[in-house]
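Subject: Handover of a structural model

Dear colleague,

Please find below the structure that I am handing over to you, followed by an account of what was found in it.

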Amino acid sequence: MRPRRLSPFTFVIGAAKEMTALLAAGAAGLAVGGISTGVYFAIAGLTLGLVHHVVRWATFTYWVHDDRIVLRKALIGRSVKNIPRERIRGVDINAGLTQRLFRIAVVHIDAAAGGGGNEEAVLNAVSRDEAARLRRELLSRPMEEDRAEGGAAAGEQLVRARPGWYRYAPLSGAYLFTPFALIGSVLGALYNLGDDLGLITQRRVESFGREVSGLPVLLDVALLILLVLAMPVASVIVFALFNWDFTLVSRPGAIVAERGLLTRRSVTLERRRM
């Protein structure tokens, strides 16, 4: 049996991720030594990042046997992971926006560890056809066993989310306050970056605080009301991003749930392991 490799498009996805590192390296170079140093930092960071992705792709292989899946990494040392198929509980397929453009996906294999815990194997990334084939291979069982458990016909849709369900998102505190957690994370990152580059000082923060506290009371109350009114709207938006077009499908021996707008996630669970 010949070993399989990840999709070559992982280089493209890796390059897209390295662009962030490139911008950070360029900004650091500008702060240290001007434009020329920034360019050198950016080129060096991008080159090292791409080499890392190429080497990781070239040294990773996997095999699917009748009784197990084997993942092998061989860079400086050799790492081999064997996962018996009987321990596999589910196979998740995730595809972000960039990955969907190149028709590739990340496969997460959820299995029960020998000691009773959980372990996970990740294939980042393979073609969408290969991801679907892996899910079928790793979760396949004899049709007689499926019929004995009352498995439904392949592809029978059990549930599909209706747009009207999104209005219940504000009832969940997780979605109601998620937008503000995201805003806080962004502001914190900007503050740390500005502090590192000398753009934000304690004096400027104190000055901004005095300006805000000096606003008229009516304006402060109006801003607070707008913030409260924005919370349910923002929670619906966040809920839609995570749960867009949620579908629950029954297949022989398994239940498949799919959801997500920008990042599409497909989770497969065997009926016998529920």
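Arg-264 has a relative accessible area of 18% and is therefore buried, the cut-off for that class being under 20%. Please note that this is a predicted model. The side chain of Arg-264 forms a salt bridge with that of Glu-258, with an N to O distance of 3.9 Å. Glu-258, for its part, is partly exposed, with a relative accessible area of 24%.

Salt bridges

How many salt bridges does the structure hold? The count is nine. Apart from the pair described above, I would draw your attention to those formed by Arg-4. The side chain of this arginine meets that of Glu-130 in a salt bridge of 3.1 Å, N to O. The contact links distant parts of the chain, with Arg-4 in the segment before α1 (10-33) and Glu-130 in helix α4 (residues 128-139), 126 residues apart. Arg-4 is buried at 17% relative accessible area, and Glu-130 is buried at 13%.

Arg-4 also forms a salt bridge with Glu-137, where the closest N and O atoms are 3.3 Å apart. This pair, too, links distant parts of the chain: Glu-137 belongs to helix α4 and Arg-4 to the segment before α1, with their positions 133 residues apart in the numbering. Glu-137 is partly exposed, at 24% relative accessibility. Together with Arg-133, the residues Arg-4, Glu-130 and Glu-137 are linked in a network of salt bridges.

Helix α8 and the nonpolar patch

Leu-97, Val-233, Ile-237, Leu-241, Phe-242, Trp-244, Leu-261 and Leu-262 make up a nonpolar surface patch of about 740 Å². Which element gives the most to this patch? That element is helix α8 (residues 217-243), with four residues. Trp-244, another member of the patch, is placed in the loop between α8 and β8 (247-251). Its relative accessibility of 40% makes Trp-244 partly exposed.

Other residues of α8 are covered. Those that count as buried are Met-231, Ala-234, Ser-235, Val-238, Phe-239, Ala-240 and Asn-243. Met-231 also marks a bend of about 30° in α8, and the proline Pro-232 follows within four residues. As for the length of the helix, its 27 residues should span 39 Å at 1.5 Å a residue, and this agrees with the 39 Å between its end C-alpha atoms.

Backbone geometry

Most residues other than glycine have a negative phi, and most peptide bonds are trans. The following cases may therefore be worth a look on your side.

Asp-245, which comes just after α8, has a positive phi near 55° although the residue is not a glycine. Asp-245 sits in the loop between α8 and β8 and is partly exposed, at 23% relative accessibility.

Arg-103 likewise has a positive phi, of about 55°, and is not a glycine. Arg-103 is found in the loop between α3 (97-101) and β5 (104-112). With 49% relative accessibility, this arginine counts as partly exposed, a class that ends where values over 50% begin to be called exposed.

Where is the cis peptide bond that involves Ala-125? The bond runs from Asn-124 to Ala-125, with omega near 5°. Ala-125 lies in strand β6 (residues 118-127).

Helices α1 and α2

Thr-10 belongs to helix α1 and is buried, at 12% relative accessible area. A polar atom of the Thr-10 side chain lies 2.9 Å from the backbone oxygen of Ser-7.

Leu-46 is part of helix α2 (residues 35-58). With a relative accessible area of 23%, Leu-46 is partly exposed. The C-alpha atom of Leu-46 is 9.7 Å from that of Lys-17, a residue 29 positions away along the chain.

With kind regards

How values were computed. Residues are numbered from 1 along each chain as its sequence is written. This is a predicted model: local features need pLDDT of at least 70, side-chain atom pairs count only at pLDDT 80 or more; totals for chains, interfaces and linings use all residues. Side-chain values use heavy atoms; hydrogens and water are left out. A salt bridge is a side-chain nitrogen of Lys or Arg within 4 Å of a carboxyl oxygen of Asp or Glu. Helices (H or I, at least four residues) and strands (E, at least two) are DSSP runs, numbered from the N terminus. Buried means under 20% relative accessible area, exposed over 50%, partly exposed in between (1.4 Å probe, protein chains only). Patches are made of residues with over 30% relative accessible area and no salt bridge: like charges are joined within 9 Å, nonpolar side chains (Val, Leu, Ile, Met, Phe, Trp, Tyr) within 5 Å. Accessible areas come from the Shrake-Rupley method with a 1.4 Å probe; for residues, only the protein chains shown count as cover. The expected span of a helix is 1.5 Å times one less than its number of residues. The bend at a residue is the angle between axes fitted to the seven residues ending there and the seven starting there. A polar contact is a pair of N or O atoms within 3.5 Å; within protein, one must be able to donate a hydrogen and the other to accept it, and residues adjacent in sequence count only if both atoms are side-chain atoms.
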